[in-house]
Every structure is written in C-alpha cells, then in structure tokens.
Amino acid sequence: MIGSEAPINVFMVSFPAQGHINPLLRLGKFLAAKGLFVTFATSETAGKDMRTANSISDTSVTPVGDGFLKFDFFEDGLADDDPIKKELSDYCAHLELVGKQYVSHMIKKHAEENNPISCIINNPFLPWVCGVAAEHGIPSALLWIQSSAVFTAYYSYFHKLVRFPSHDEPYIDVHLPSIVLKYNEVPDFLHPSSPYPFLGTLILEQFKNLSIPFCVLVDTFEELEHDYINYISKFVLMRPIGPLFKNPKAKGSRDIRGDFMKSDDCMEWLNSKDSASVVYISFGTIVFLPQEQVTEIAHGLLESKVSFLWVIKPPLLELGLQPHVLPDGFLEGTRDKGKVVQWSPQEEVLAHPSVACFMTHCGWNSSMEALTLGVPMLTFPAWGDQVTNAKFLVDVYGVGIKLGYSQSEKKVVSREEVKKCLLEAIVGPKAEELKRNALKWKRVAEAAVDDGGSSDGHLDAFVEDVKRRGAFGINKI
C-alpha cells in the first residue's frame, strides 16, 4: 500500500478537547502531506463524537498529499456520566494513568510490526507523553497550541525571569520582551485570583519536562511574533509552523476534521447577504457566557440592526448548566437580519465575503483563523490565554476592538457598549483601519505557509530533524 520503503512514522497524542484536537490534527495533515505516515490518537469519548460529526474512520488509512493519516482512539475506561469527568484534575490524573499504558503499548505494537515510531508529538495538558517517549528512546516534540507570547509568559513565570502578580502584589505589571502586560492581561491561569488554578499548574507541568522534547512547534508565524520566537529560541528550539489550518499542500484533506458536532447549514444564508455586512459571533467550544451577558449581546444586536450569524452552543453535559435563553421576541425581531445556529464551519464562515467582523472569545485557534482570513475582531475573552490574545489583537496587531472582560473580573458588557462597538467595527474609519491591518496579516500569513515561506521552511526543517533522529535514535543525537 505504501511502497517498498515505508515512510517516517509519527505518532500524535491529543488531549480530548476540541481546541486541542484541531491544531494537532492540522499539523498531522501538514506532516502527512510532506510524505510522513501519521497516526492521530485521542480518547474514544472524543473519537465517538468525531466519527459521528465527520466522515472519518479509525479502521482505514487515508492518503493525504504524499503521505498517509490514520486515527486511533483509546478507551479511558469511564462511563459518560462518571463523576471523575466533572473534575478536570481528577480526569487528567486518570487520563495519565491509562494514557501511559496506551502509548507504551502502541510503541511496542509498531515496533513489532516493523514500522517503528520515529517521533511522538503531544499538545499541552498531556505533559507525561514526552516522558513515555523518552523511556522508550523515541524523540518527542511539543505542539504548543497558544501564542509564542503566551509561551514566553509561562516560561518567564516558571523560571522566575520577571515578576508576576502574587497574593501580596496582585496588581503589578509584567515586563515581557517588547510589551508590558497589566495584571489583567497576563494569561490568567497564572494570576492568584484565577478561578481555575489547576489549569495553570497543569500547563506548567509541561515546562518541567521541557528539556525532553527536542523541539517546540507553535501554531504561529515568524512575522507575527518574531520578538517572542527570537527570545525563547535562546532557551529552547522553537519552530513557528502556522497558520496550521491554511495548508496549501494537503490536497483532499479538507474533509478530515476533528469537530465534535455537525455544522448547521449557514453558507446559503451568508450567500444572501451583502459583502462585509455580517458580524459572526462565536465563543468556541468551552466558554459559556453568563445568561445576563447573552441577554445584553442580544439587545445590542437588536438595537444596532446589523446582520449577524450567532453560534450558541449547548453547554457541555458535565458542566450541568442550563442552555442559554434568548430574550422574548428576539428571533422574530431579527428574522430578516440574523441567524442563530448551534455550530458552524468556522473556517468557511470567516472566509466568506459577507462577514465583516468576528465577535470572539480570542482562543488562539480562532484568533489565527481570523488573522489569516483578514477578518477584524471584537474581543470577548473569558480566561487563560484569551485575555493576553485580546491585548495583542487590539494593541499590537491592530485588528481588534476591546469589548469584553475576563470572567474573573465579573463584569457585564452593556447592550449600549455592544451596539457601539458593533457599528464601529463594521462602518466608518475605525472599521476601515481594522480591515487594512487584517488584510496585511492575511497576506503575510499566506506567504508564510506557501512554498519557501518562513513556516514552510520551519516545517521542512522539523521533518528533516525527525528523519535524522528517527534513524539514529534519541540518545545518539
């Protein structure tokens, strides 16, 4: 099937969350397109949703470009309603227990089949994967799924290179290369007031093991974050290889997706709208806004009279929350202007000419997609790196208007402010300025992944590293 000479075998292990699976799977398609055999692994719980929502199978090998991609899903041994799944710290501990056994088993299985694994790649939240790889003498790499600037913040915090807010000094600024972040602009898992301190601890576990991976891959591009890439490269080998969703070489891979839900049909509706007239609203897969905030956004949309496509996803079952309710008369009052869906094909939506701007939670996947597709943003961060991304989108990249606050600040944005910012982002001089900047980044991002671009070069260098290390073994480099 794959010729007399088997391709380099890469094994990927992803944390079973949508925002982790998407970038790692995109990397898998990139590597397969360059001639590698990629096995993508995550939990069967996620695999069940992925098979249902997409035309993928874990029983067959799919050709992608010059290489191949295969899925493999492992049982975590938990029922859907197991209480462990409600506590992320407990679930991560359980996942490590079963995951270590699974990865070791797969390493041995591939070796016995005379198709040994040359490299293992994991994303954050699974810091133990690189340790398993090292035990078996297999090179490993980390795909960092946030920005290089956020990586710099975590690295600086872990190694105590600069001062960060503490319980004694909660409001101090953080001095990173080329920027000063206010206390509420640092990744808030690192702030003492974070409602999710475990997530900061979990991410920092990866920094304890940072000497094991031979390389840190980042879904970004040199031209966007050169100051942070140059700074971190003094300590670790960092390769910017993004934007990963924009893959000019992985022909036939568009249908290979990791979505957990089927997208609603909204493209025909977008086709009926004027150019640059629609605001697209989505807060990702995890963020769940307070009901009061949803109500204010709805009234802001009503009063601004702009066209909109709004993704209102049901809450995750394990959160035990009630679905959002729209104000009485909202759907009737916006019937000609708006459309509400549960899920959308975001890349296609952002690429549509009718979309004028994107109200976003500022997750890094969404931020990269919008930047690369030339779409201005209204920033509505909730937690973690989102608050830092929002700062960069507005003040550094010049493509955003600040709208929302992190959830730890417990502020509700009023309908008047929503209306004001919506109109500012769609018509007038500010909208024109944001669009100019967004289109500039679009051109640069596309050039980065094209033949001979900065990200293309870094990806080629990584593939050569894998071939060399896979041939000689981890201890001989």
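**View 1. Surroundings of S367 in helix α12 of the predicted model.** With a relative accessibility of 0%, S367 counts as buried, a word used here for under 20% relative accessible area, with exposed meaning over 50% and partly exposed the range in between (1.4 Å probe, protein chains only). S367 lies in helix α12, which spans residues 364-372; helices (H or I, at least four residues) and strands (E, at least two) are DSSP runs numbered from the N terminus. Leaving out residues up to four places away in sequence, S367 touches C362, M377, N389 and L393, where contact means heavy atoms within 4.5 Å. Residues are numbered from 1 along each chain as its sequence is written, and side-chain values use heavy atoms, with hydrogens and water left out. Because this is a predicted model, local features need pLDDT of at least 70 and side-chain atom pairs count only at pLDDT 80 or more, whereas totals for chains, interfaces and linings use all residues.

**View 2. The cysteines C92 and C421.** The structure holds 0 disulfides, a disulfide being a pair of cysteine sulfur atoms within 2.5 Å. C92 is unbonded because the closest cysteine sulfur, in C130, is 15 Å from its own, too far for a bond; at 9% relative accessibility, C92 counts as buried. C421 is likewise in no disulfide, the nearest cysteine sulfur, that of C357, being 10 Å away, and C421 counts as buried at 1% relative accessibility.

**View 3. W310 and the nonpolar cores.** A nonpolar core is a set of buried Ala, Val, Leu, Ile, Met, Phe, Trp, Tyr and Cys residues joined through side-chain atoms within 4.5 Å. The largest has 118 residues, of which I120, W144, F151, L301, W310 and M359 touch the most other members. Helix α3 (residues 88-112) supplies the largest share of this core, 8 residues. A second, separate core of 36 residues includes M12, F40, L69 and L143. Setting aside neighbours within four places in sequence, the contacts of W310 include I281, F283, V294, L326 and F330. In soluble globular proteins, nonpolar side chains tend to be buried together.

**View 4. The open sheet of 8 strands and helix α3.** The strand order is β3-β4-β2-β1-β5-β6-β9-β10, with mixed pairing; two strands pair if DSSP finds at least two bridges between them. At the edges are β3 (61-64) and β10 (238-240), each pairing on one side only, and the twist averages 25° from one strand to the next. Helix α3 packs on the sheet, touching β1, β2 (37-43), β4 (67-74) and β5, and its direction makes about 135° with that of β4; axes are lines fitted to C-alpha atoms, for helices over the stretch in contact, and angles run from 0 to 180 degrees between N-to-C directions. Strand β1 (residues 9-13) pairs with β5 (residues 119-122) in the parallel sense over 4 bridges, and F11 has I120 as its bridge partner in β5.

**View 5. Strand β9 and the strands that it pairs with.** From β9 (residues 215-218), C215 and L217 point one way and V216 and V218 the other way, and all are buried. In a regular strand the side chains alternate between the two faces of the sheet. Strand β6 (residues 140-144) runs parallel to β9 and is joined to it by 4 bridges, L217 being the bridge partner of L143. Another 3 bridges join β9 to β10, also parallel, and here the bridge partner of L217 is R239.
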